[in-house]
Each structure stands twice: as structure tokens, then as C-alpha cells.
Amino acid sequence: MLKNLFLFLLLSVSTSVWSLEIDEKLTMRIVKASQSRKTILINRGVEDGLVKGDHAKFFLTVGVVARGVVVKLAPTRSVWSIYRLVNADYLKDGQVMKLKITAPVKITKDDSRSLVVDDTPKNVLSSDPRDLGIPLADGANDLDEEDAEMMGETGGAGGAVSSTILESSSLRERVKEVFGTVFYSGLGAKATPDNASGDYIGEASSFILNLGGEFYSKNEKKWQSRFSLVILYSIANTSVMAHSGANVIEKSSEYGGGFHWYPFTRPSKTFKIIPYAKFLMMLGSVNTTYNPGVEGGNSESSGGSSASYAFGGGAKYYLHNGFGARADFEYYSRGDSFATDDQGVNWITAKSGPRVTLGFSYRW
């Protein structure tokens with residue numbers, strides 16, 4: 001249910017940001033391959049940013065095994081026409097590999113000038129297609145160290161496919177993120193006495209806005225990659241009216257930071273719900289205004305400083321392009337120290353309890 005909610009929120013943002021850019025990669029699985037291996041159906045589609053006419057290289061740890069172009073699309077599926085077939089044996093039902101979006105390539109009809117002769121399926125005798133007597137296309141070995149490391153996630157090139165099919169790509173190259181979460185309740189209030197002395201109009205509203213940044217580790221082999229640093233700026237406005245018509249308005253702003261911990265799922269995964277634990281500490285300022293009701297008198301305002309902390313958890317969900325949604329569930333505690341009032345009293349207030357906020361993020 002929570003995953004469907006995240007998907008609905010993300011789909012409602014905009015479809016214009018979904019197209020993949022050159023050199024973006026996706027982990028994919030071949031659902032069905034034709035007998036000639038010239039047409040394949042994969043488990044990636046419109047929802048993953050593919051568009052009709054996209055060109056891509058399909059590769060494993062051995063290098064590029066094919067190149068193709070999208071000819072048909074569905075939300076979670078796409079049909080590819082393979083125009084350069086380096087090793088047909090790796091294009092088989094259930095095979096997990098990577099695709100990398102490339103610029104369109106001019107295709108010659110002159111067989112003598114073709115970059116690579118089409119391969120025909122045969123038994124895989126080696127992990128390297130060159131050992132089968134199949135020439136590699138130009139650029140088949142142009143993968144950098146990062147590509148080679150990423151492909152280790154897909155398993156062996158010619159071996160059996162893992163029982164757990166990889167359904168997500170990675171954002172680990174994008175180590176910076178901005179996010180915003182919000183809670184809002186805007187209610188009007190009216191207090192009416194039975195002595196016909198007049199109504200009191202006010203508000204019963206609450207608004208919390210959190211704006212922050214999160215910073216991740218690129219090297220996920222280290223233990224600290226499961227932690228991220230967080231900076232946060234928060235503003236909150238509340239207004240409450242009593243039955244007597246008295247109204248209290250409180251405005252506060254805080255800044256601080258802390259960390260998130262990802263014990264179960266790496267924070268770079270896409271198309272997966274990523275749970276996390278959190279701890280934050282903040283400092284700030286607060287101002288309250290008291291407007292009298294039936295008792296009469298003048299309005300009074302007082303300012304002060306605040307210190308707070310929050311701990312709890314949350315969950316986030318990313319698209320392949322770095323856009324995401326998140327929900328925070330936290331226990332929040334704050335203490336406020338006000339300046340001395342007209343009667344010489346220094347007031348200290350404390351508040352604590354659970355809070356829930358929802359929002360969006362972008363990672364780059």
C-alpha cells in the first residue's frame with residue numbers, strides 16, 4: 001500500500017523528466033528473445049524512462065554483447081530490435097544484464113564494411129565471446145572501471161540467472177540530495193458566547209516545512225556508506241483559539257543536522273522502498289503572540305530561543321532519474337526559553353510527541 005502511494009505521488013509530478021540521457025544505465029532482464037535473437041522483450045519500459053527510438057548497448061562483464069533500438073513500448077516492457085549482434089548466446093530468456101543508452105549509430109548496408117558480422121546462436125563454451133571466434137564491435141571494450149564494477153552486480157555472463165532477479169538500478173554516483181517535507185492543516189475557528197456579546201474569529205492551523213540536504217558515500221563497499229549526513233532548516237507556524245476567544249500564535253525557525261542510517265537497503269537503490277532510521281539536533285528561535293478573548297486586554301508577544309532533537313525513521317523511494325518521495329515518522333522534543341516578561345518572569349516551555357511529514361526529493 002505504501003509503495004503504491006509513493007508511485008502515485010511520483011507519477012503525478014511530471015512525465016517530462018522521465019526520458020533517459022546518453023550514458024545512463026539500467027539493470028534489466030530479457031523476458032523473451034526471438035529465435036534469431038534479432039528481437040528481444042525486456043522488463044523495462046516507459047516507467048523507467050525509455051522512449052521509442054532509444055539506442056543502447058547491452059553488456060555483461062565480458063563487454064558489449066549487442067546493440068539495439070526501442071521499437072515498441074509499454075509501461076513496464078519494451079521491444080528492442082537488435083542491429084548489432086556480437087554474441088547471440090547471451091541474448092536468452094531470463095538473462096540479466098545492463099543496458100547503456102547511447103547516441104544513434106549509422107548502420108551500413110554494406111556487409112564488407114559492417115563493424116561486426118552477425119553471430120548465430122551456439123553453445124557457450126567460454127565466458128569471453130572472443131574465444132568463440134566472434135569479433136567484438138568497435139567500442140565493445142570502452143567500459144570504464146566503474147562500469148566493470150557495476151556489472152559485478154549482475155553475476156556471471158554465461159552462468160545461470162540468480163533466483164532473485166535484479167529489478168533496480170543505482171544512484172550511487174549521485175551523492176548529493178535536496179529534499180522538502182511538509183505538514184499542513186489550515187482551519188478557521190469561531191467562538192460564539194451565548195450572551196450575544198459577539199463572535200471571536202481566529203485560526204486553528206498548523207504548518208511545518210522542512211528543507212534539507214543529504215550527502216552520501218559513493219563507495220558502497222565501506223560500512224559508512226549505510227550512513228548519510230543531513231542538514232536541515234525547519235519553520236513551523238501554529239495557531240490555536242480557545243473556547244473563550246483567546247488566540248495564541250506561535251512561529252519558530254530551526255536549523256541543525258544529524259544523520260540517517262540505512263540498515264536494510266542501500267540508499268542508492270531505485271524502484272525500491274528504502275527504510276531508514278534518523279537522529280537530528282537543532283537550534284533556533286521562537287515567537288509567541290497572545291490575543292485576548294472575553295477577558296479583554298492588549299495583545300502580548302514574547303520571543304526566545306529553542307533547542308530540539310528528533311529521532312525515529314522514515315522511508316523513501318527513488319526513480320531512476322533521481323527524483324523521489326519520502327515519508328518521515330519521528331519523535332520530536334523541543335524546549336523554549338523566553339525573555340523576561342513585564343512581570344519579571346522568565347518562562348520555559350517544553351513540548352514533545354510524534355510527527356509525520358511527507359515530501360519529495362531530488363538527487364544528483
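Let me start with Phe-227: at 31% relative accessibility, this residue counts as partly exposed. Keep in mind that we are looking at a predicted model.

Trp-261 is also in the partly exposed class, at 37% relative accessible area. I take these two together since they belong to the aromatic pairs, of which the count comes to 12. Phe-227 and Trp-261 are one such pair, with 6.2 Å between the centres and 15° between the planes. Planes under 30 degrees apart count as stacked, so this pair is called stacked. Along the chain the partners are 34 residues apart: Phe-227 belongs to strand 11, residues 227-241, and Trp-261 to strand 12, residues 247-261.

Both rings are also part of a cluster. Ring pairs join Phe-227 and Trp-261 with Trp-223, Phe-259 and Phe-279.

Now a second pair, Phe-311 with Tyr-331. What are the distance and the angle here? The ring centres are 5.5 Å apart and the planes stand at 40°, so the pair is tilted. Phe-311 comes from strand 14, residues 300-318, while Tyr-331 comes from strand 15, residues 323-338, so the contact ties together parts 20 residues apart in sequence. As for accessibility, Phe-311 has a relative accessible area of 38% and is partly exposed. Tyr-331, at 34%, is partly exposed as well.

Last, charges over rings. Which ring does Arg-326 sit over? Its charged end is over Phe-179, 4.1 Å from the ring centre. Lys-316 lies over the face of Tyr-276, and there the distance to the ring centre is 5.3 Å.

Note on methods
Residues numbered from 1 in each chain as written. Predicted model: local features only at pLDDT ≥ 70, side-chain atom pairs only at ≥ 80, totals over all residues. Heavy atoms only, no water. Phe/Tyr/Trp six-rings, centres within 6.5 Å; stacked < 30°, edge-to-face > 60°. Helix = DSSP H or I, 4+ residues; strand = E, 2+ residues; numbered from the N terminus. Buried < 20%, exposed > 50% of the residue type's maximum accessible area, 1.4 Å probe, protein only. Lys NZ or Arg CZ within 6 Å of the ring centre and 35° of its normal.
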